[in-house]
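Q: Can we go through the metal site and the ligand pocket together? I'd like the cut-offs spelled out as we go.

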Amino acid sequence: MSQVSKSREIKIAPSILAADFSRLGAEVRAIDEAGADYIHLDVMDGHFVPNISFGPSVIKSLRPHTDKIFDVHLMIAPVDPFVEAFAEAGANIITFHPEAGPHCHRTIQAIRAQGCKVGVSLNPGTPIDVLEPIIGDIDLVLVMTVNPGFGGQGFIDSQLNKIGRLREWIDQLERDIDLEVDGGINFDTAPKAIAAGANILVAGTATFAGGPPVYGSNITRLRTP
Ligand code: DX5
Ligand code: ZN
């Protein structure tokens, strides 16, 4: 598995949850220039997860600051009434949690209808089986390696096995599906996630630690452990 992972292109998606919120536009420009592949935008509603972050208006205000992919992670319930607003705000990928509502396939259709890529996120306690009926309809699987709601938490090692099983499954499919890992990614855990099969790493704390002068070296070190 490690030989395969070495040839896989690794993308880094800094989560702006760990940025300086008083100067978000400048932070987004800084991580863009520092080599971020995607901008990961964590939307929390204080209902699906026990924290509140920001919504479509903040995302819209950040859109002019970068041309990078906006990777929008919705930790909200319900999802469907807000899909259009996030798409119009500039989302390129919209990822949701299947527990957010009773009709996850309808949510997939709603995201697709807006022209966005579709991601589905699995909490640490969510089995991969929920993907079985929908794997052919999605573009990305986001494996949570923390319980969602907060940055700066510790990586849950037991999820590596899940990442490995998803990588084997995805490799058997005819269509490319991204395997993204989110939560507790740092210089120690990034190599484990990559070896298990991830090709996109979300990193909040580890990207922004040390401030703008080291964003570039942080991103490079996360990408090439
Ligand atoms: C957690 C969020 C993550 C988080 C990552 O609910 O989905 O994206 O901000 O933060 P770090 O990298 O600090 O664990
Ligand atoms: Zn996230």
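**Metal site and ligand pocket**

A: The six donor atoms around the zinc ion (ligand 2) subtend angles of 67 to 167°, which makes the arrangement octahedral (six donors count as octahedral if opposite donors are over 155 degrees apart and all others between 65 and 115). This is a predicted model, in which local features need pLDDT of at least 70 and side-chain atom pairs count only at pLDDT 80 or more, while totals for chains, interfaces and linings use all residues. Residues are numbered from 1 along each chain as written, chains are lettered from A and ligands numbered from 1 in written order, and side-chain values use heavy atoms, leaving out hydrogens and water.

Q: Which are the protein donors of the zinc ion?

A: They are His40 (NE2), Asp42 (OD), His73 (ND1) and Asp182 (OD), lying 2.0 to 2.3 Å from the zinc ion; donors are N, O and S atoms within 2.8 Å of the metal (3.2 Å for Na, K and Ca), and water is not among the atoms, so sites may look incomplete.

Q: Is His40 buried or exposed?

A: His40 counts as buried because its relative accessibility is 0%, where buried means under 20% relative accessible area, exposed over 50% and partly exposed in between, with a 1.4 Å probe and protein chains only.

Q: Switching to ligand 1, which polar atoms lie by its oxygen atoms?

A: An N or O atom in the side chain of Asp182 is 2.6 Å from an oxygen atom of ligand 1, and a polar backbone atom of Gly204 is 2.8 Å from an oxygen atom of ligand 1; a polar contact is a pair of N or O atoms within 3.5 Å.

Note on methods: A polar contact is a pair of N or O atoms within 3.5 Å; within protein, one must be able to donate a hydrogen and the other to accept it, and residues adjacent in sequence count only if both atoms are side-chain atoms. Four donors count as tetrahedral if all angles lie between 85 and 135 degrees; four count as square planar and six as octahedral if opposite donors are over 155 degrees apart and all others between 65 and 115; anything else is irregular.
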